[in-house]
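I opened the notebook to record what I could look up in this structure. The entries follow the order in which I checked things.

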Amino acid sequence: MSKKQKKLLIRIIASAALFLVIFPAEHFFEINKYLVIGMYLVPYFIIGFDVLKKSVKGIGHGQIFDENFLMTIASIGAFFIKEYPEALLVIILYQVGELFQSIL
């Protein structure tokens with residue numbers, strides 16, 4: 001594995017671990033909705049920052065409908081319909097796919 005792949009793997013593991021803590025906590029404890037959003041945004045930005053960045057760069061270069069843009073729209077859409085776990089999992093699974101693709 002290259003250094004870039006190892007960094008991505010660490011970010012995937014960290015985000016997945018945070019998800020596995022946040023998701024049950026959200027359902028078992030009464031937590032303020034804004035705190036829940038904030039808790040999901042932390043792992044979302046850990047794993048999804050580069051996807052968001054590539055999406056913005058793609059729009060700037062006229063490549064609107066690339067895979068980064070579509071993943072960004074899917075995850076932001078999930079946030080807007082208050083499906084925070086889905087938004088995070090979309091980005092995590094996308095990054096897992098990207099990691100496997102780069103390894104092979």
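Entry 1, terms. I count a residue as buried under 20% relative accessible area, as exposed over 50%, and as partly exposed in between. I also note at the outset that this is a predicted model.

Entry 2, I59. I looked up I59 and found it in helix 2. Is I59 buried, partly exposed or exposed? Its relative accessible area is 42%, so I wrote it down as partly exposed. I then took the distance from I59 to R11: the two are 48 residues apart along the chain, and their C-alpha atoms are separated by 25 Å.

Entry 3, S55. S55 is also placed in helix 2. At 4% relative accessibility, S55 counts as buried, because the cut-off is under 20%. Which residues is S55 in contact with, leaving aside its neighbours within four places in sequence? I listed N68, F69 and T72. N68, F69 and T72 are themselves among the buried residues of helix 3.

Entry 4, helix 3. I counted 14 residues in helix 3. From its first C-alpha to its last, helix 3 reaches 20 Å, close to the 20 Å expected at 1.5 Å a residue. Its buried residues are N68, F69, T72, S75, A78 and F79. What covers them includes helix 2 and helix 4. I copied a general remark beside this: an α-helix has 3.6 residues a turn, so residues three or four places apart point the same way.

Entry 5, the loops. F65 lies in the loop between helix 2 and helix 3. With a relative accessible area of 67%, F65 is exposed. F65 and G77 are 12 residues apart along the chain, and I noted 16 Å between their C-alpha atoms. I found K82 in the loop between helix 3 and helix 4. K82 is exposed too, with a relative accessible area of 59%. What is the phi of K82? It is near 65°, a positive value in a residue other than glycine. This positive phi comes just after helix 3.

Entry 6, helix 4. Helix 4 covers residues 84-103, which makes 20 residues. At 1.5 Å a residue it should span 28 Å; I found its end C-alpha atoms 29 Å apart, which agrees. I listed the buried residues of helix 4 as Y84, P85, A87, L88, I91, I92, Y94, Q95 and L99. Which helices do they pack against? I wrote down helix 1 (3-28), helix 2 (33-60) and helix 3 (67-80).

Entry 7, helix 3 against helix 4. I found these two packing at an angle of about 160°, with their axes 6 Å apart. That makes helix 3 roughly antiparallel to helix 4, because angles over 145 degrees count as such. Helix 3 passes helix 4 in a right-handed crossing. On the helix 3 side the residues are E67, N68, M71, A74, S75, A78 and F79. On the helix 4 side they meet Y84, E86, A87, V90, I91, Y94 and E98. Sorted by class, this contact has 9 nonpolar, 2 polar and 3 charged residues.

Entry 8, helix 2 against helix 4. Are helix 2 and helix 4 roughly parallel or roughly antiparallel? They pack at an angle of about 20°, and their axes are 9 Å apart. Angles under 35 degrees count as roughly parallel, so I recorded helix 2 and helix 4 as roughly parallel to each other. Their crossing is left-handed. Helix 2 brings V36, I37, Y40, P43, Y44, I47, G48, D50 and V51 to the contact. Helix 4 brings Y84, P85, A87, L88, I91, I92, Y94 and Q95. By class I have 14 nonpolar, 2 polar and 1 charged residues for the contact of helix 2 with helix 4.

Entry 9, A17. My last residue, A17, has its place in helix 1. At 39% relative accessibility, A17 counts as partly exposed. I compared its position with that of P43, which is one of the helix 2 residues in the contact with helix 4. A17 and P43 are 26 residues apart in sequence and 8.9 Å apart in space, C-alpha to C-alpha.

Terms used:
Residues numbered from 1 in each chain as written. Predicted model: local features only at pLDDT ≥ 70, side-chain atom pairs only at ≥ 80, totals over all residues. Heavy atoms only, no water. Expected span 1.5 Å × (residues − 1). Buried < 20%, exposed > 50% of the residue type's maximum accessible area, 1.4 Å probe, protein only. Contact = heavy atoms within 4.5 Å. Axes fitted to C-alpha atoms, helices over the stretch in contact; angles between N-to-C directions. Parallel < 35°, antiparallel > 145°, perpendicular 65-115°, else oblique. Left-handed = near helix turned anticlockwise from the far one by under 90°. Nonpolar A, V, L, I, M, F, W, Y, C, P; charged D, E, K, R; others polar.
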